[in-house]
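Here is a colleague's note on the model, set out as numbered points to be read alongside the coordinates. Please keep the structure open while going through them.

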Amino acid sequence: MIIRFLLIFTIFFPHILEGQTPFTNYSLEDGLPSNECNSIGQDNLGYIWIATNNGISRFDGYEFKTYTTSHGLPSNEIINLYSDSKERLWLVPLHFQPTYIMDGSVHSVPISDKQREELDDYVIKVIIENREGKILVIYHSLLIYEYDPLTNIYRKILDFESRERFVPVFYRGSGSNLLISSGGTVYTDNGEKGAAYLIDDDSGALIRLKSKADMSLYMKSYHNFASRDDLTIFHLIPDSALYTIRNDSLVILAKYSIPISRHFGFDKKGDFWLGLAKQGVYIYEQAKFDQSPKKVLDGYTITSRLIDNEGNYWYSTVSKGIFFTPNENLIYYSADKLGSSKLRSIAGLGPNIYISTQEKDFYHINKDRPVKLSLGDVSYLVNFNDSFIVITTPDIRRSIQFNGIVEQTFSNNSVECIYETDSLIYLGFRRRIFVKGKGEKEFQNNLRLGKYIFSITSYNDQLIVGTEQGILSINDSLLSAVRDRHPNLVNTLIGFENFDNLHDSILSPYLSHIPKLKGKVSGLKVFKEHLVISMQGNGVYIVKDDSVKQSFENKDELQNDFSSGLYLDQEDNLYSYGMNGFASFSFNSDGSIERSVYRQIDGAGWSDLIGMHIYKDSVWLAAKSGISLYKKENFSLPSMKPLLYFEEVLVNQNRVNPNELLNLKHYENNIRIDFKALSFRSLKNIIYRYRLNGAEWVETKGTNITFPSLPHGDYQLEIEAENPWGQKSEIATLQIQIFPPIYLRWWFVTLELLLLGILIFFFIRWRVNQMSSRAMINLEKYQNKHLALNAQLNPHFIFNSLTAIDQLVNKYESVKSSEYLRSFANLMRQTLENSKSHMVSLKMDLDLLREYLRLELLLFDEQIELIYDIDPELEEEQYFLPPMLLQPYVENVFQHAWSEDTTSRTMIIGAKLEVNNLYLYVEDNGVGLKASKEKGRKEGKDHHSSGMSISSSRIDLFNKLYEPAIKLNIESVYDKGSKNTGTRISILIPLKMHLKPLESIK
């Protein structure tokens, strides 16, 4: 089984180099600040940084963002970049200010004013990290500073002012790794002094120092050095050679015919790379100089090489910007370099690859170099057994085998496919199948199908033919029988469609019950006892017997649903190739089929593959635009998740920190979030998903989200990225809190409610007080009026009483007058006491009424029968009523009830309880209401006395203050014959009365 591999390629190639690795080139036109690039590096977040002579530029796979002195750089000319163990990316500017990149932004080391004054005439030569994690900054003229990232202190540790012509060389060789202590003494790894080297710029002397003044071994001036744990490599001017130090001696590693620049180093894999002027890059695997180097980017001058954290390769140049490729182990030949607009077909014979072009040229590729062959106009190539078929036009078919070339002529036909069984060989033309028996020299039968033929194979003792309209099956035994019965078919072009019954007996639709298999069949292969069918537009189907076991029908399951064909290599591994790459198929132990997809963006060639060939560790992929060669040993599936970051967060067009909780005011709700996933291999084919507060994920290919008017509340925005290989990034989270307007905040609402409650309380209190005051005024007014009415009874009664006394005196009835005066005085005393109160007991009022009646009876000569109907069980002292309530009505009886003709006069005064009420009444046997009114009119008097009017007003006033109300009723009394026999005045007083609410007293 073939090892799974990834073919690394790019979609867009501004520069395609014949026979070399294809690169994407980024230059000034793409956003770089300059085409002169001095170095390239990657920071801790994964951004690519390019040092140029016009600033430093950050690349995220989408665009370049340039930083200059206006952004805090000490100089626009950046000479070099170095990475330390903490993934800080150090800049070497044409300046004395050390600067580094961390977390995607530029930072400067703090320098005091005194240090600035000292360093003003210096420039940085090199920056290295010692074993303690401190950063050593080496200036020209042997001035060395140390920066401690933990304390943020920058200080001088070594100054060779007396040796200004010396420049330090730091290297890590076997047993001679250098350290520089804070005291300025040079030490080795084991703590011993010595093994330090300086170069004299003037004399070119390489000096091994045992102390500051010790000088010995003199050699040529150094230009640059590169170091890894076990090896340090020097270049010494003016030699075109590379050196290392072994046993305190310089040893030549390699010599070159052209001058060596200062651009060389070790990559993260430990390989040594060397950039030569206009010679591209020489790469020595594991610094093995005894082996031939790999060469890429021939014709360019390379200044640096970077392998990023995805395994992609980057190069900076002195005049052409930067180059990028996901894989250096790919060799490509474009169609235009072969003198053609498009390639047409590919066929392989072991390590030999043959290509035909649209212009009908024929190429043979051996040892990775294409050679044009002169075989006429070649239009199509078809693999066949251990050889392959070369089809030329108009009439020649060439079978190139190991033992030579065999020709056979056909009439202007183009072979599409070829297949052999144990006894027959089938040659498929566009509408015909030619059949040849094994051992026969020529093809003898022509089966005309009337349909375009694209593929032939055999499965379950049937010949399976893939056509433009589906699949046909031919029973091989029937075909042999037909051939025996119809010898006239031999060497003729008469098709079976001329014999309907014969055609139907041999050809029949296959798998016609599956609608998706009725289209164009681009390939047929038998794989692990399964029939594999590729369809242009409908994917790939795995058939077992007569049913589909598994299908791959969309771009997520396959490189594309447009499959151009199938390929089965010598190790019986199956592949499908098509529009955007290819897929490999393998069987798992449980019988399920697994596929690995290699899309165009993964490096699977150009779009629209037309064929492939695999031999040992070499994989050739042919597309219309060119052919690519890959080495399987260098293939690897990408293992790194996309690195997702918030690029920028804008609130009302103002930038904010996305790494902090966004506490925003209610009007700061226009929010734009820019984000990107760093995956240079994915080439912008990243799918993003986001959701707000755990809602459904929303998928997008854009790199920003805008919320134009986000309501107030708490939000959690989650974003994730997925690359084309199904690897998802960590979820990036942004917390947003938009406060409501001040008038909607809880404390403000609480304060509002509190203030409102206070206002309502004080308003109600004020209103109650106002109403109470008004009610008290009304109460006092009514009470005073009530008292006034009470008082009005006294003059009225006094007038009547004094009138009676006057009558007695005139009659010279001294005894009666004296008795009357005593009763009158006693009555006045009780009346005055009762008139001071609003309520008196029933007993007090009845006693006063008895005393009054005694006086009245003294005045009347007529005999009056007075009856008291008082309930004996009535506790007179327990019940209260307004004073002198009955007296005016009793007085009215004496004045108006009886006529002069009335001989028998009777008055009844009653009191009893009736259902929670005190029932009082005065009843007489007088002339009645009607006769009494008539009598009053004749005498010119008002029927109602002043006392009764005052009493009625008192009851009305009393009812305004108290509830339930006192009820007054005046009615006539009739006998059984309906004769008016008198008048009854009744008063119903509730036993439980209380003062009405003050606010209701009007």
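1. In this predicted model, the largest nonpolar core has 44 residues, and the members that touch the most other members are Y820, L853, V890, M907, L920 and I989. Helix α6, which spans residues 842–859, contributes the largest share of this core, namely eight residues.

2. V890 gives a view of the packing in that core: when its neighbours within four places in sequence are left aside, V890 is in contact with L849, Y852, L853, M907, I909 and V922. Apart from this core there is a second, separate one of 24 residues, which includes V651, I673, I686 and Y690.

3. Turning to the strands, an open sheet is formed by four of them in the order β32-β33-β34-β35, with antiparallel pairing. The edges are occupied by β32 (343–349) and β35 (369–373), and because each has a single partner strand, one side of each is left without a neighbour in the sheet. From one strand to the next, the twist averages 25 degrees.

4. Within this sheet, strand β33 (residues 352–357) and strand β34 (residues 362–366) are joined in the antiparallel sense over four bridges, and a reader wishing to check the register can look at I353, whose bridge partner in β34 is I365.

5. A hairpin is formed by β24 and β25, with five residues between the two strands, and G270 in its turn has a positive phi of about 90 degrees. Strand β25 covers residues 272–276 and pairs with β24 in the antiparallel sense over four bridges; here the bridge partner of I260 in β25 is L276. Strand β24 (residues 260–266) is mostly covered, since six of its seven residues are buried.

6. Is Q115, a residue of helix α1, buried or exposed? Helix α1 runs over residues 113–119, and Q115 has a relative accessible area of 12%, which is under the 20% limit, so Q115 counts as buried.

7. Which residues surround Q115, if those up to four places away in sequence are not counted? Q115 touches P110, Y145, Y154 and R155. For Y154 there is also a polar atom pair to inspect, as the backbone oxygen of Y154 lies 2.6 Å from a polar atom of the side chain of Q115. Q115 is thus a residue that is buried and that has a side-chain polar atom placed 2.6 Å from a backbone oxygen.

Technical notes. Residues are numbered from 1 along each chain as its sequence is written. This is a predicted model: local features need pLDDT of at least 70, side-chain atom pairs count only at pLDDT 80 or more; totals for chains, interfaces and linings use all residues. Side-chain values use heavy atoms; hydrogens and water are left out. Buried means under 20% relative accessible area, exposed over 50%, partly exposed in between (1.4 Å probe, protein chains only). A polar contact is a pair of N or O atoms within 3.5 Å; within protein, one must be able to donate a hydrogen and the other to accept it, and residues adjacent in sequence count only if both atoms are side-chain atoms. Contact means heavy atoms within 4.5 Å. Two strands pair if DSSP finds at least two bridges between them. Axes are lines fitted to C-alpha atoms, for helices over the stretch in contact, and angles run from 0 to 180 degrees between N-to-C directions. A nonpolar core is a set of buried Ala, Val, Leu, Ile, Met, Phe, Trp, Tyr and Cys residues joined through side-chain atoms within 4.5 Å.
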